[in-house]
Amino acid sequence: MHNEISTEAVDQQQLENCVNKAEEETGEKIEEAVADKGYGNTTQILNIENRGTQCFVPLATTSREKEEKKG
């Protein structure tokens, strides 16, 4: 587990760094990463998963999806 304080308005660019730091601090490979929707960056999620770490991060709802739900 890794915690970090940031002054960034959003967390979307921070997931991969958090996983890297957790691996450095523990000296072990992280098998699963769990984060909230604010960390939902598809590129970073794919980079992490391509290294063998499974990510559980919900992605933000797009404007199109919101409109489709309205009907």
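**Exercise 1. The two sides of helix α2**

Task: In this predicted model, determine which exposed residues the face of α2 turned away from its buried side carries, and which residues of α2 are buried.

Solution.
Step 1. On the face turned away from the buried side of α2, the exposed residues are T43 and N50.
Step 2. The buried residues of this helix are Q44, I45 and I48. Around the helix axis they cover an arc of only 100°, which puts them on the same side of α2.
Step 3. A general rule of helix geometry applies here. An α-helix has 3.6 residues a turn, so residues three or four places apart point the same way.
Step 4. As for their partners, the buried residues of α2 pack against α1 and β2.

**Exercise 2. The two ends of helix α2**

Task: State what a side-chain oxygen of N41 reaches at the start of α2, and which residue with a positive phi follows α2.

Solution.
Step 1. At the start of the helix, a side-chain oxygen of N41 comes to within 3.0 Å of the backbone nitrogen of T43.
Step 2. After α2 comes G52, with a positive phi near 100°.

**Exercise 3. Two buried residues of α2**

Task: Decide whether Q44 and I48 are buried or exposed, and list what each one touches beyond four places in sequence.

Solution.
Step 1. Q44 is part of helix α2. The cut-off for buried is under 20% relative accessible area, and Q44, at 9% relative accessibility, therefore counts as buried.
Step 2. With neighbours within four places in sequence left aside, the contacts of Q44 are Q12, Q13, Q14, L15 and E16.
Step 3. I48 also lies in helix α2. Its relative accessible area is 0%, so I48 is buried.
Step 4. Beyond four places in sequence, I48 touches L15, E16, V19, T53 and C55.
Step 5. A separation in sequence can be set beside one in space: I48 and N17 are 31 residues apart along the chain, while their C-alpha atoms are 9.9 Å apart.

**Exercise 4. A buried threonine in a loop**

Task: Locate T53, and identify the backbone oxygen that lies 2.6 Å from a polar atom of its side chain.

Solution.
Step 1. T53 belongs to the loop between α2 and β2 (54–56).
Step 2. Its relative accessible area is 1%, so T53 is buried.
Step 3. The backbone oxygen in question is that of I30, 2.6 Å from a polar atom of the T53 side chain.
Step 4. Not counting neighbours within four places in sequence, T53 is in contact with E23, K29, I30, E31, E32, A33 and I48.

**Exercise 5. Helix α1: length, buried side and end**

Task: Compare the expected span of helix α1 with the distance between its end C-alpha atoms, name its buried residues, and describe the polar surroundings of T26.

Solution.
Step 1. Helix α1 covers residues 15–26, and its 12 residues, at 1.5 Å a residue, should span 16 Å. The end C-alpha atoms are 17 Å apart, which agrees.
Step 2. L15, C18, V19 and A22 are the buried residues of α1. They cover an arc of only 100° around the axis, which puts them on the same side of α1.
Step 3. Among the elements that cover these buried residues are β1 (32–34) and α2 (42–50).
Step 4. T26 lies in helix α1 and, at 40% relative accessibility, counts as partly exposed.
Step 5. A polar atom of the T26 side chain lies 2.9 Å from the backbone oxygen of A22. The backbone nitrogen of E28 lies 3.2 Å from a polar atom of that side chain.
Step 6. Just after α1, G27 has a positive phi of about 75°.

**Exercise 6. The core and the whole chain**

Task: Identify the residues of the largest nonpolar core, and describe the order of elements in the chain.

Solution.
Step 1. The largest nonpolar core has 12 residues: L15, C18, V19, A22, I30, A33, A35, Y39, I45, I48, C55 and V57.
Step 2. Both α1 and α2 supply at least two residues of this core. The largest share, four residues, comes from α1.
Step 3. For one core member, A35, the contacts beyond four places in sequence are L15, F56, V57 and P58.
Step 4. The chain has three helices and two strands, which run α-β-α-β-α from the N terminus on.
Step 5. Of the 71 residues in the chain, 25% are buried. The chain exposes about 5,400 Å², of which carbon and sulfur atoms supply 47%.
Step 6. Among contacts between residues at least 6 apart in sequence, 38% join residues at least 24 apart.

Technical notes:
Residues numbered from 1 in each chain as written. Predicted model: local features only at pLDDT ≥ 70, side-chain atom pairs only at ≥ 80, totals over all residues. Heavy atoms only, no water. Expected span 1.5 Å × (residues − 1). Buried < 20%, exposed > 50% of the residue type's maximum accessible area, 1.4 Å probe, protein only. Arc of directions from axis to C-beta. Contact = heavy atoms within 4.5 Å. Areas by Shrake-Rupley, 256 points an atom, 1.4 Å probe, with all protein chains shown as cover. Core = buried A, V, L, I, M, F, W, Y, C linked by side-chain atoms within 4.5 Å. Polar contact = N/O pair within 3.5 Å; in protein donor to acceptor, adjacent residues only side chain to side chain.
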